[in-house]
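Q: Can you walk me through the contacts in this one? Short answers are fine.
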Amino acid sequence: MSPLWSFPGGIHPPMHKEESTRSPIVKLPLPERLILPLHQHIGAPSTPDVNLGDQVLKGQRIAHADGYVSVALHAPTSGTITDIGEYPIPHPSGLSDLCIILSPDGQEKWISRETKDDYLFMDASHLRNRVRDAGIVGLGGAGFPAFIKLNPGPRNVIETLIINGIECEPYISCDDMLMRERTANIVSGVKIIAHAVQARQSIIAIEDNKPEAYQAMLEATANEPDLSVVQCPTIYPQGSEKQLIYVVTGKEVPSDGLPLNVGVVVHNVGTAAAIYSAIAKAEPLISRIVTVTGDAIRKPQNLEVLIGTPIRSLLDFCDAQTQIDQLIMGGPMMGFTIHTPLASVLKTTNCILATTYNSLPEKNMEMPCIRCGACADACPIKLLPQQLYWYARAKDFEKIQDYNLFDCIECGCCAYVCPSNIPLVHYYRYAKTEIWSKEREQQKADIARQRHDFRAERLAKEKAEKAARHKRKRNELKEKSDPSKKETLIKNGAKSKKKAAILEAMERVQAKKEAHKTEPKNTVNLTEEQQRKIDQINKKRETRKNNED
Amino acid sequence: MLTPKHSSPYKYASNSVTSVMMWVVLALLPVIGVQTYIFGWGVVVNVLFTVAVALGVEGLMLAMRKRPIFPFLSDGSVVITAILLGLALPPLAPWWLMVVGISFAVIFAKHLYGGLGYNPFNPAMVAYAMLLVSFPLEMTMWFPPHELNNNPLNLIETITVIFTGQLPGQLSLDSLSMATPLDSLKTELGLDKSISQITTGNPLFGWFGGAGWEWVSFAALAGGCGLIYKKIISWHIPIAVIGSITLLSGVFYLIDAEQYASPLFHIFSGATLLGAFFIATDPVTASTTPVGRLIYGAGIGLLTYVIRTWGGYPDAIAFAVLLMNISAPTIDYYTRPRIFGYGDKK
């Protein structure tokens, strides 16, 4: 194994992992009802396949993927669909969203499944479709549909598949426990992923504060030549995808690029285990491991929880005390506040953190920035957080983008180290949303302007056409009322008088000719004599006419 | 229903502005101690008096600006300003000089710019420069180190001199005072003497720096290294200041050792080390990017040497720091670090 690299910055917060790793994973009993939001992943929400009152079986698809970046949703247990409507979801906004409500019947009756052992001989696209149909998203936290990351595209060669077992956020231990207890599932999952993306080598990366997990993975991969396990020195935010890629391979993913650009794909250990279940056992993603911890929890531990289980059930099972000052989904560095324990566990819920102000106190008074630069030293992207902060405060949204605001991953290192207690990440989120809303407004304004321009152009065109039509009509009218034309012509002096007369004469001739055309012609069958006489007369008339001129 | 308090991160390290400033004060204690031992009670009286006045003026300014008084008074920044000014003033400086100086620092150099974090210039150095220009006589009334001082004053006598101007017995300030090593070197060089002529047998000069000043410099070095070890300051600025002074004085010393003092003399005389570790590193007024800090520190070293050698003042830390303070924002702008994920572009 090549030596590890280290990314710039980073912090070492107290980890608090021991509390929740003392006991094995426990399966949470069936709750009274499951709340299943249709939007649990990055991309478009899924579309319900079921109706009110439908009986569903465990593992049955209840909503299908809508569009490419989307995944299906399955019934975590057998039961009845009792409602499809707006329910509170765990989201920073505290808003409600469309959910399917399932009342379990307690039978846990599965749909028929077909297990497969020959998955390493399956076609890659077939694997992808199965993963997609199983509703699997990245279980590390972001919730990006996993099948997309199984598709490197024909032109990309995947040098390294990195399996992320870093779990760098304090308090969270679900990946740690999964690696300890379900090692074989993870290894099989990694092999499936490696097969699907045709990776040359696979590396499982684990931080050195999880020696048990490391040992377990090491033993399980002893006979796998293409699969290695590395232990990384503990530092936050090492679990962030681009940081981890740098640590393991020394390659920097371009700011506007994907891991694919440097020949790397990263999947979380939980995702690997879920992919194994989906492919080998035909079990869709209906449950996950959730860490329930924090100083407001009397029995901190890891639970295997059905997706859609209300958070209240987890808190009760782990004997939470009534006084909870902070209820957070995720870790203390990048998690978000849950507004109500009635909201449910999502596919991406790795941790429920319930604390009092004793362990996560409210911040002290915000002091002015003393420009100490501690934030810049801690930033894993090498941004200049205090400059970003000044420009966010000054609402100078052009300058702040100049200082690469959008490269910020919101890891919170800068705010963590700030001696002035400045909530720096809040300022960056504020600036980002302001810029996004400005861009949306700009887009709207652009569309409105385009429409206005089109309309103005159309009106101008119509006007021009109208004017042209009028002109033509006027001319036609003028031509029709010739006398008036003659009058004006007559008025214009002697020469034109003559011209008018000629014109009149010519017109008369023309008219006569026209008339002749229709009249029977008596000049057709003339004798030579007659013709000659007529010619003479015509000649005379001609000369007379010429003399007159 | 729970009411969310804020968004992530929820966890913070336990450092604060106060703890940062208190570490600096702690690191300054050896300097105060050694300087008091060598130059007499006046040093500690100066420091305590300026700190007291500074806290009063700061409180007054905060009240006038309608800012919360206790949190800002306890941030400790004004204490450091006062200690630095107290150390920079002559040990028997009259009380009114200190009041004028520290008031100017706190009111004009700090609060009129917006208070903590907003002042572009180091307040202690602004006050020092102002006093030096306005009251040159009082500001240059330095005293010899204790081993050369035939009439050391006790604490009571010192306080009496500072607050009443009354000297014990037949003594006068003129008879007590003596030029500083940097000052006398400058004056005598101006009289076409060579360095060996000036320093040989002159008790003002120690082993390689100014007598007594060497020890003060060692104390500053020790305190400064402590701050670097505790990661209160980064190594960039002190190393750049010392490095550029060493380099410049070294080059000229090699060219003509009789006209230009040695690097060791420059580093261990005057306020070089105090400036490098405690004044130039004031975060509010210094450069903040790693490369910027090196440029900023090197600039201070360069200007200090230039002013000392060819300028009108024997020591120049204050002017050098102030000049580089103005340049800090520009230096920061042009020394932005390469951002992760940008290859060699930025």
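A: A salt bridge here is a side-chain nitrogen of Lys or Arg within 4 Å of a carboxyl oxygen of Asp or Glu. Keep in mind that this is a predicted model.

Q: How many salt bridges over all chains?
A: The count comes to 20 over all chains. One of them joins the side chains of A:Glu108 and A:Lys58, at 2.7 Å from N to O. That pair links distant parts of the chain, 50 residues apart. A:Glu108 is in the loop between β8 (96-104) and α1 (124-133) of chain A. A:Lys58 is in the loop between β4 (55-56) and β5 (61-64) of chain A.

Q: Is A:Lys58 buried or exposed?
A: Buried, because its relative accessible area is 8% and the cut-off for buried is under 20%. A:Glu108 is partly exposed, at 32%.

Q: Which helix holds both A:Arg180 and A:Asp176?
A: Helix α2 (residues 174-181) of chain A. The two residues are 4 apart, about one turn of the helix. Their side chains meet in a salt bridge at 3.1 Å, N to O. A:Asp176 is buried at 2% relative accessibility, while A:Arg180 is partly exposed at 24%. Together with A:Glu212 they are linked in a network of salt bridges.

Q: What about A:Arg182 and A:Glu304?
A: Those side chains form a salt bridge too, 2.9 Å from N to O. A:Arg182 sits in the loop between α2 and α3 (183-197) of chain A, and A:Glu304 in strand β14 (residues 301-306) of chain A, so the bridge ties together parts 122 residues apart in sequence. A:Glu304 counts as buried at 16%. A:Arg182 is partly exposed at 25%.

Q: Switching to the interface. How much area do chain A and chain B bury between them?
A: About 4,600 Å², with 58% of it on carbon and sulfur atoms. In chain A, the residues that lose the most area to chain B are A:Glu252, A:Ile370 and A:Arg371. Together they make up 14% of what that side buries. The contact takes 64 residues from chain A and 42 residues from chain B.

Q: How many salt bridges between chain A and chain B?
A: The count is 2. A:Glu252 meets B:Arg338 in a salt bridge, 2.6 Å from N to O. There are also 21 residue pairs in polar contact across the interface.

Q: Which element gives the most to the side of chain A that touches chain B?
A: α9(A), with 4 residues.

Q: Where does the charged end of B:Arg336 sit?
A: Over the ring of A:Tyr403, 3.9 Å from its centre. B:Arg336 also lies over the face of B:Tyr333, at 5.5 Å from the ring centre.

Q: And ring pairs? How many aromatic pairs over all chains?
A: The structure holds 24. B:Trp96 and B:Phe135 are edge-to-face, because their ring centres are 5.3 Å apart and their planes are at 70 degrees. B:Trp96 lies in helix α5 (residues 95-110) of chain B, and B:Phe135 in the loop between α6 (123-134) and α7 (136-139) of chain B, so the pair ties together parts 39 residues apart in sequence. B:Trp96 is partly exposed at 30% relative accessibility. B:Phe135 is partly exposed at 24%.

Q: Which residues do ring pairs link into a cluster?
A: A:Tyr389, A:Trp390, A:Tyr427 and B:Tyr118.

Methods. Residues are numbered from 1 along each chain as its sequence is written. Chains are lettered from A and ligands numbered from 1 in the order in which they are written. This is a predicted model: local features need pLDDT of at least 70, side-chain atom pairs count only at pLDDT 80 or more; totals for chains, interfaces and linings use all residues. Side-chain values use heavy atoms; hydrogens and water are left out. Rings of Phe, Tyr and Trp (its six-membered ring) pair if their centres lie within 6.5 Å; planes under 30 degrees apart count as stacked, over 60 as edge-to-face and the rest as tilted. Buried means under 20% relative accessible area, exposed over 50%, partly exposed in between (1.4 Å probe, protein chains only). A charge sits over a ring if NZ of Lys or CZ of Arg is within 6 Å of the ring centre and within 35 degrees of the ring normal. Contact means heavy atoms within 4.5 Å. Buried area is the accessible area (1.4 Å probe) that two parts lose on being put together, summed over both. A polar contact is a pair of N or O atoms within 3.5 Å; within protein, one must be able to donate a hydrogen and the other to accept it, and residues adjacent in sequence count only if both atoms are side-chain atoms.
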